[in-house]
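Welcome, and please open the structure in your viewer. We will go from stop to stop, selecting a few residues each time and looking at what is there.

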Amino acid sequence: MRKWAGFLLLQLAALLYASQLVQGRGRRTEALLSFCDMLAQLRGILEAEAPPMPELLQTLSRRCGGEAAAFVNALSASMDGLGSLRFQELWQDALRRSRICEDAVALRELDALGEVLGRYALPAQLDAVSACLETLRRKAEHTRREQPVINRLTWGLAFSCSLLCGILLL
């Protein structure tokens, strides 16, 4: 009876592990998509009116959702420190606190964007936002296409490994 209870607990652990992996992957994809939306909004605002950065962040915070909204709100709240820190440092700090930092490609691209925003001429800023947006969109599309396959693989490997270990324990 104890062996069967252990076998059942092993299978439940595999279920929990696979579930956490699949959910985490889904949250990272959602974060990536929310940053894509935020960058599209940012480009539109810059093209239309090019307001000062604090005003731009306030407008973005009303239009964004998900992880990007948390990022914009954190960046907006840190703007008081703009005199002692450069905008790029505030951007990087807010970026590191967001879930997007789990994706190396997105983090690298957004980091590079933070170096350009508010520092160079408007055309250079728009080019940087467009390039970052395009890279993140490609990454999001690639992730979205691969996600069902990777999720099935995750479930299959978790259960087959736990089943094999369980059989060996019985």
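Start by selecting Asp-93 and Arg-97. In this predicted model, the two form a salt bridge, with their closest N and O atoms 2.9 Å apart. Try colouring the pair by accessibility: Asp-93 is partly exposed, at a relative accessible area of 42%, while Arg-97 reaches 52% and counts as exposed. Some background for this stop: side chains of opposite charge can pair when their charged atoms come close.

How many salt bridges does the structure hold? There are 5, and two others are good to visit next.

Move along to helix H6, which covers residues 122-169, and select Glu-134 and Arg-138. Here the salt bridge has its closest N and O atoms 3.7 Å apart. Both residues belong to H6 and sit 4 residues apart, about one turn of the helix. Glu-134 is partly exposed, with 39% relative accessible area, and Arg-138 is also counted as partly exposed, at 48%.

Stay on H6 and pick Glu-141 together with Arg-145. Their side chains meet in a salt bridge, at 3.7 Å from N to O. Why are these two about one helical turn from each other? They are separated by about one turn because they are 4 residues apart in helix H6. A general point helps here: an α-helix has 3.6 residues a turn, so residues three or four places apart point the same way. As for exposure, Arg-145 is exposed at 55%, whereas Glu-141 is partly exposed at 37%.

One more selection on this helix: Leu-157, which also lies in H6. Its relative accessibility of 46% makes Leu-157 partly exposed. Now add Ala-18 and draw a distance between the two C-alpha atoms. The separation is 8.7 Å, although the residues are 139 apart along the chain.

Next, show the surface and select Leu-8, Leu-9, Leu-12, Leu-15 and Phe-159. Together these residues make a nonpolar surface patch of about 460 Å². Which helix gives the most to the patch? It is H1, residues 2-48, with 4 residues. Leu-8 is found in this helix.

Hide the surface again and go to helix H4, residues 87-96. Select its buried residues: Phe-87, Gln-88, Leu-90, Trp-91, Ala-94 and Leu-95. Turn the view until you look down the axis of H4: these buried residues fall within an arc of 160°, so they line one face of the helix. What do they pack against? Their partners are H1, helix H2 (53-63), helix H3 (66-77) and H5, so show those four helices around H4.

For the last stop, follow the chain out of H4 into the loop that leads to helix H5 (104-116), and select Asp-103 there. Is Asp-103 buried or exposed? It is buried, with a relative accessible area of 17%. Zoom in on the side chain of Asp-103, which reaches the backbone nitrogen of Ala-106 at 3.1 Å. Finally, add Leu-32 and Lys-139 to the view: leaving aside neighbours within four places in sequence, Asp-103 is in contact with both.

Note on methods
Residues numbered from 1 in each chain as written. Predicted model: local features only at pLDDT ≥ 70, side-chain atom pairs only at ≥ 80, totals over all residues. Heavy atoms only, no water. Buried < 20%, exposed > 50% of the residue type's maximum accessible area, 1.4 Å probe, protein only. Polar contact = N/O pair within 3.5 Å; in protein donor to acceptor, adjacent residues only side chain to side chain. Contact = heavy atoms within 4.5 Å. Patch = residues over 30% accessible without salt bridge, like charges linked within 9 Å, V, L, I, M, F, W, Y side chains within 5 Å. Areas by Shrake-Rupley, 256 points an atom, 1.4 Å probe, with all protein chains shown as cover. Salt bridge = Lys/Arg side-chain N within 4 Å of Asp/Glu carboxyl O. Arc of directions from axis to C-beta.
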